[in-house]
Amino acid sequence: MAARVGGGDRPARVPPGSPGSSACSVPMPGPAGDPGMQGEAGTSSKPGELGEWRETREAVEPVERREVREAVEPGGSVEPGGSGGSPSDLPVTLDAIRQAQKTLSGVARVTALEGSRHLSGLIGSPVHLKCENLQRTGSFKVRGAYVRIAGLSPAERAAGVVAASAGNHAQGVALAASLLGVRSTVFMPEGAPLPKVVATREYGAEVRLRGQVVDDALCAAREHARRTGAVLIHPFDHPDVIAGQGTVGLEILEQCPEVRTVVVGMGGGGLAAGIAVALKALRPDVRVVGVQAADAASYPRSLAAGRPVTVEAPVTMADGIKVARPGDVPFGIVRRLVDEVRTVSEDQLASALLLCLERAKLLVEPAGASPVAALLAAPRSFEGPVVAVLSGGNVDPLLLQGVLRHGMAAAGRYLSLRLRLTDRPGALAALLEVLSAVDVNILDIGHVRTDPRLRLTEAEVELHLETKGHEHCAAVRTALREAGYPVLS
């Protein structure tokens, strides 16, 4: 679940306008409902209409001419069309987002904006982390869910609501419905992490497990809605949901009026679309960069095709942005208002999660860490001040264990080796002496002497080692090779 760990490298908050204050003011969030947390968008920003923001935008190469293969490689990017448009032809407006902010007063927290010295040093300008991982239910999802359910008619509320999700949206709908006195049913895949299933039930929803993937659960939810008359609460493909998520954009402008770039993870696109509407209406100069996992990147393909395209069997540890197809409503907004969509690899996601935990002392799920992964992948390509939106912190402990190990390996902090040695007394002790000489810490060791692959005089050893970086890993391999130990993997 969402958590903050210990102290960290975050600089102390300085009151806005005081000597030594940064460009971005960062108010301390209080408990939900604290009237001091709420307010209109920052007064230092000049309100404007959505149609004005693209007038001076430089022309970009049409997306249709780009190679889709290049767009979805880790570290690649696509610039949406950016044709602009008038407010009248956009399904979500600044007024709708401001109304959503009022609706959420006393419900959603105004989450903290935390500075990161480490990332600021890499980028070369101030970097701030928008901590939606510390939001109620552990992610931004409660914003859109509450606004959507609050807008239902009395008859619709009486019929109840239904949703399908593997985690964050399920909890957001469950809490929002409970707060509004609406009956909720949530369909989740049978393999959904147990902590998320338990949390969804505790927030007040009736949980039903159906199928193996979210699409199976969604089919069951739609059938339930057809049969019972319950209202289906979509996780991202509805204007009210997008308006609710857009309140994150208003808070960013309140907390950091001088922001130049906002980086946000993207699955279906609801959060990025809402933030983009808010930012481009008030600060058209702010650059909005979306981030997707490379092996589940539906937006680069869809932007290239000019319509939502389904990615077959998306694979990523970042289940929060593992969406096979963009939503129709957010896609139209993203195509016009989001400046760029980048992709990151699984290794980059794992490294970003580890960095958030170690340096920022924030527990973030892989999807929530995707903006940080993009910053690490190309640190000098962002104009600051930069705000990276940490969208959620609901990570399953078992997944966290694997992700941390993967992240440590990607950072050269963890090394797994398999090698063979002569099966004789003292052979294993001699191997350990070699490892001791290069100052490596052995976390686990497996010694196999009976295996059809081995000759009679051979034994196989599997080592899990704690190392001090990539150079140290290379030194360990070199020492083993020079000592006559063939490394198999």
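## A buried salt bridge at Asp339

Asp339 is buried, with a relative accessible area of 5%. That value falls under the 20% cut-off, so the residue counts as buried. The model is predicted. Asp339 forms a salt bridge with Lys280, and the closest N and O atoms are 2.8 Å apart. Asp339 sits in the loop between α12 and β11 (340-344), while Lys280 belongs to helix α10, so the pair ties together parts 59 residues apart in sequence. Lys280 is buried too, at a relative accessible area of 2%.

Next along the chain, Glu340 meets Arg287 in a salt bridge (3.0 Å, N to O). This pair also links distant parts of the chain: Glu340 is in strand β11 and Arg287 in strand β10 (residues 287-293), 53 residues apart. Glu340 is buried, with a relative accessible area of 6%. Arg287 is partly exposed, at 29%.

## The Glu251 network

The count of salt bridges comes to 16. One of them joins Glu251 to Arg143, with the closest N and O atoms 2.9 Å apart. Glu251 lies in helix α9 and Arg143 in helix α4 (residues 141-150), and 108 residues separate them. Both Glu251 and Arg143 are buried. Salt bridges with shared partners connect Lys130, Glu132, Arg143 and Glu251 into one network.

## Helix α12

Helix α12 spans residues 328-337 and is mostly covered, with seven of its 10 residues buried. Those residues are Val329, Pro330, Phe331, Ile333, Val334, Arg336 and Leu337. They pack against α9 (239-255), α10 (270-282) and α11 (298-305).

## The parallel sheet

Four strands form an open sheet in the order β7-β6-β5-β8, with parallel pairing. Its edge strands are β7 (206-209) and β8 (231-232), each paired on one side only. Strand β6 (residues 184-188) joins β7 through four bridges. Within this pair, Val186 of the sheet stands opposite Val207 in β7.

Helix α6 (residues 168-180) packs on the sheet and touches β5 (161-164) and β6. Its direction makes about 165° with that of β5. Helix α8 (residues 214-228) lies across β5, β6, β7 and β8, and runs at about 165° to β5.

## The antiparallel sheet

Another open sheet has three strands in the order β14-β16-β15, with antiparallel pairing. The edge strands are β14 (414-422) and β15, each paired on one side only. Neighbouring strands are turned by 20° against each other on average, direction ignored. β15 and β16 (residues 458-466) pair over seven bridges. Helix α17 (residues 470-482) packs on this sheet and touches β14 and β16. Its direction makes about 0° with that of β14.

Ile445 is found in strand β15 (residues 441-448). Ile445 stands opposite Leu463 in β16. Ile445 is partly exposed, with a relative accessible area of 35%. That is over the 30% needed for a patch, so this nonpolar residue can take part in one. Leu432, Ile442 and Ile445 make a nonpolar surface patch of about 200 Å².

## The whole chain

The protein chain has 17 helices and 16 strands. Of its 489 residues, 53% count as buried. Among contacts between residues at least 6 apart in sequence, 75% join residues at least 24 apart. The chain exposes about 20200 Å², and carbon and sulfur atoms supply 52% of that area.

Definitions and conventions
Residues numbered from 1 in each chain as written. Predicted model: local features only at pLDDT ≥ 70, side-chain atom pairs only at ≥ 80, totals over all residues. Heavy atoms only, no water. Buried < 20%, exposed > 50% of the residue type's maximum accessible area, 1.4 Å probe, protein only. Helix = DSSP H or I, 4+ residues; strand = E, 2+ residues; numbered from the N terminus. Contact = heavy atoms within 4.5 Å. Patch = residues over 30% accessible without salt bridge, like charges linked within 9 Å, V, L, I, M, F, W, Y side chains within 5 Å. Areas by Shrake-Rupley, 256 points an atom, 1.4 Å probe, with all protein chains shown as cover. Salt bridge = Lys/Arg side-chain N within 4 Å of Asp/Glu carboxyl O. Pairing = 2+ DSSP bridges. Axes fitted to C-alpha atoms, helices over the stretch in contact; angles between N-to-C directions.
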